[in-house]
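Hi,

Here is the structure I promised to pass on. Have a look at it first, and my notes on what turned up follow underneath.

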Amino acid sequence: PQRDEEGKGCLLWREFLTLVPQPYPRPDSSDDMRKVQRREKNRIAAQKSRLRQTQKADTLHLESEDLERQNAALRREIKQLTEEMKHFASMLSSHEPLCSILTSPPPPPEVLYATHSFHQPHISSPRFQH
């Protein structure tokens, strides 16, 4: 840059032009229309994508809540069955010392496997009378 009479730098016109951004060639109106249409289409696609994402998050949240409820119900059932098992185990342990089956000798095999007693229906039963 050149200096003026006060010693300050001054720009020549051609130097000034290199510092000022030059306007680009003006696009025609069809380019502008295409750009506007593309932006609008992109805006709508982004909006739909955000909506789908929100719906998916909502669905996952509901599914999570349902699974939490199922889990709590199963935990309650486990607790109840455990208590029931403890009760039956207690009943069995109090019964075992008094049980005549456990203290008597086992029956002979022919008593256990009597074939005729398992295959004959009770004739007196109304179900088998014609």
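Let me start with one pair of side chains. Glutamate 40 and arginine 43 sit three residues apart in helix H2, which runs over residues 29–95, so about one helical turn separates them. Their side chains meet in a salt bridge, with 2.5 Å from N to O. As for cover, glutamate 40 has 34% relative accessibility and therefore counts as partly exposed. Arginine 43 comes out at 44%, so that residue counts as partly exposed too.

Before going further, please keep in mind that this is a predicted model.

The structure holds four salt bridges, and I'll go through two more of them here. One joins arginine 69 to aspartate 66, where the closest N and O atoms are 4.0 Å apart. Both residues lie in helix H2, three residues apart, or about one turn of the helix. Are the two partners buried or exposed? Arginine 69 counts as exposed because its relative accessibility is 54%, and the cut-off for that word is over 50%. Aspartate 66, at 34% relative accessibility, counts as partly exposed.

The other one links glutamate 83 with lysine 86, and here the closest N and O atoms are 3.9 Å apart. Again the setting is helix H2, with glutamate 83 and lysine 86 three residues apart, about one turn of the helix. Glutamate 83 has 45% relative accessibility, so it counts as partly exposed.

Now for the chain as a whole. How many helices and strands does the protein have? The secondary structure comes to five helices and two strands. Going along the sequence, the order is β-β-α-α-α-α-α, so the strands precede the helices in that pattern.

There is also a record to compare with the model. An unreviewed UniProt entry places a "coiled-coil region" at residues 57–91. In the model, that stretch is 100% helix and 0% strand, and the C-alpha atoms at its two ends are 51 Å apart.

Last, the surface. Of the protein's 130 residues, 2% count as buried, where buried means under 20% relative accessible area. The accessible surface comes to about 13,100 Å², and carbon and sulfur atoms account for 60% of that area.

That's everything from my side for now.

Cheers

How values were computed: Residues numbered from 1 in each chain as written. Predicted model: local features only at pLDDT ≥ 70, side-chain atom pairs only at ≥ 80, totals over all residues. Heavy atoms only, no water. Helix = DSSP H or I, 4+ residues; strand = E, 2+ residues; numbered from the N terminus. Buried < 20%, exposed > 50% of the residue type's maximum accessible area, 1.4 Å probe, protein only. Areas by Shrake-Rupley, 256 points an atom, 1.4 Å probe, with all protein chains shown as cover. UniProt positions renumbered as here; feature names shortened; annotations may be inferred.
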